[in-house]
Structures are given as C-alpha cells and as structure tokens.
Amino acid sequence: MDGSHDARWVSAPAIHREAVMTETARFVAVVEGADLATPVPSCPGWTLVDLIRHTGSVQRMFSGLLRQRVQERPLTRDTELDLPADDAGYPGWLTASSQVAARAFADTDPDAPMWVWGADPHARFWMRRMLFETLVHRVDAELAVGLRPVIDPALAADGVDEFLVNLPFAASFAPKTAHLRGQDETIRFRCTDRAGDWLIRLRPDGFGLVPADAEATNPEASNPGATNSEAMNPADATVEGAAADLLLLMYGRLDRTSDAFKTSGDEDLLARWVANSEF
C-alpha cells in the first residue's frame, strides 16, 4: 500500500521513503573526503562526525521501531548501531544506515497502527519523520563545508507541514513549547513559491494548526488582495517566504529577520514563537 495522507500538503509515504535514500546519498556526497572534525555551526558543539553519527543512529532507531511495530512508548532507545571502527568509516556507515531503513520500509505497511510521539499514529509517521531528520542534517553538513543548500520546494512545504503538525506533541523533548500559549493570537506562515499556507493559534491551554476547512469567514476582512484563507482568518502576525526558507526557519537554520522573509503584524508574537518553537 502507498499509505493514506493529507492531500493538501503531505506527500505520499512512497515519496518519503525514496527521499530518505536520496537525501542520505546527498549527505554522504558532502562528507566523503571532508575533514570530519569540521565544526557544524548550525549544531553548536558538533563536528561532521557527530552529525553523521546522529543521523545514522536516528535512521537505525526509527527502523527498529518500524520492524517491531511498537504499540507503546519504548522504555529504552538502545539500538544496534554497528558503528565503524574509525572516523573514516562514517560516510559508508551512513549509507548502510539508509539501507537498513530501506529494508524496514519494504517490510512495513505505512498504514500499520503504531505508537508515535506525534499526531499520526501509523508507521508512515516514522518514515516522514526520518526524511526530515535526514534532510535538515544534510543541509547542516552543506553549511558546515561552505555549500549553499538546495531543497526541493515540494519536499520543503511538506517539511513545514510535518513540523507544524507535530510540534504541539513535542513537549517531552521541546519543553519551551509550554510557553506557546495565548489568548487566541494567530501566526500565519505562507509559501511564496508554491501552495502552502498554515495558520497557528495560541490558546490558553496550548497551540496548534487551524485546519483549513475550519477557518471561519471573518466579515471584517476587507483586503481585496488577500488569499482565501487570509480573508477568512486574518492573522496577528504573518511570515511569507519560499518553502525551503520557511523550512529552515522552522528548524532555526535561518533567522526570521533574513531578507528571505516578508513579515507583518505583531513582531513580539513572532519573536515569542521563534524563541519557544525549537525542535
């Protein structure tokens, strides 16, 4: 089965599985021949070898969860990592980690019910999560060696959606999200290079995405140039940018004050979001 998915933004699980392999190959191409002691500025305190070890370990850990079809939160994260004997072996080990993932994908129905920490309790959650873990760290590797990252806009928009859908469930490892509370203030993130529009509402008891079909018509909206969603529910603050730049913003790899973005509305609200949405 290809797996069900949200037809608005979310790519099918088959695309996620293929993209994990593609992104890993791009990652390996960056680090092969590089000095693995090179610092990674976007991951303070890490070197390239730390970045590779983390990414491959995540791939192997998620693959283990898929193989076991876990139905409740694991008590341990212990995973057979089969680490290389020396640093020179890490690029090849990362390739092998993606092959472990490929075998787990091949043996797993993406629609299989599973425990997840996020919003979608199916195996496809881990496939999608593995993709963006790999993609963002591929970008980190490129930044570390002075390359300009390029991200497919469709994947980037999917990654923004994946981040925003799951962030409200991430408090156990993103404790600052507890500060994302409010009195129904809203923040809109909108792509400028493809379809993509997300409205976040900060409530007294939490925060989360407002489903597109739940955005009520606002009779006071009078901007004739507004998009449908904007007219239905004007936001207190808005960030507009290319999908790839929005994805990097979500993960703290690009600052909201960058020329890549057009922002409007409540700057303090945007600053609070950025300060507390670290994943």
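Trainee: Is K176 buried, partly exposed or exposed?

Mentor: Happy to start there, bearing in mind that this is a predicted model. Buried means under 20% relative accessible area and exposed means over 50%. The relative accessibility of K176 is 35%, so K176 counts as partly exposed.

Trainee: Which side chain does K176 meet in a salt bridge?

Mentor: The two partners come from distant parts of the chain, 102 residues apart. K176 lies in the loop between α5 and β1, and its partner lies in the segment after α8. The N to O distance is 3.2 Å, and the partner is E278.

Trainee: Thanks! Is E133, which forms a salt bridge with R129, buried or exposed?

Mentor: Both residues lie in helix α4, four residues apart, about one turn of the helix. Their closest N and O atoms are 3.1 Å apart. R129 has a relative accessible area of 1%, so R129 is buried. For E133 the relative accessible area is 15%, which is under the 20% cut-off, so E133 is buried.

Trainee: Which residue meets D158 in a salt bridge?

Mentor: This pair also links distant parts of the chain, with D158 in helix α5 and its partner in helix α4, 30 residues apart. Both partners are buried. The N to O distance is 2.8 Å, and the partner is R128.

Trainee: And which element gives the largest share of the lining of the largest pocket?

Mentor: That pocket is lined by 45 residues, with R129 and E133 among those nearest its centre. The elements giving two or more residues to the lining are α2, α4, α7 and α8. The largest share is nine residues, and it comes from α2.

Conventions. Residues numbered from 1 in each chain as written. Predicted model: local features only at pLDDT ≥ 70, side-chain atom pairs only at ≥ 80, totals over all residues. Heavy atoms only, no water. 1 Å grid on protein atoms, 1.4 Å probe; cavity = no way out; pocket = protein on both sides within 12 Å on 5 of 7 lines; lining within 4 Å. Salt bridge = Lys/Arg side-chain N within 4 Å of Asp/Glu carboxyl O. Buried < 20%, exposed > 50% of the residue type's maximum accessible area, 1.4 Å probe, protein only.
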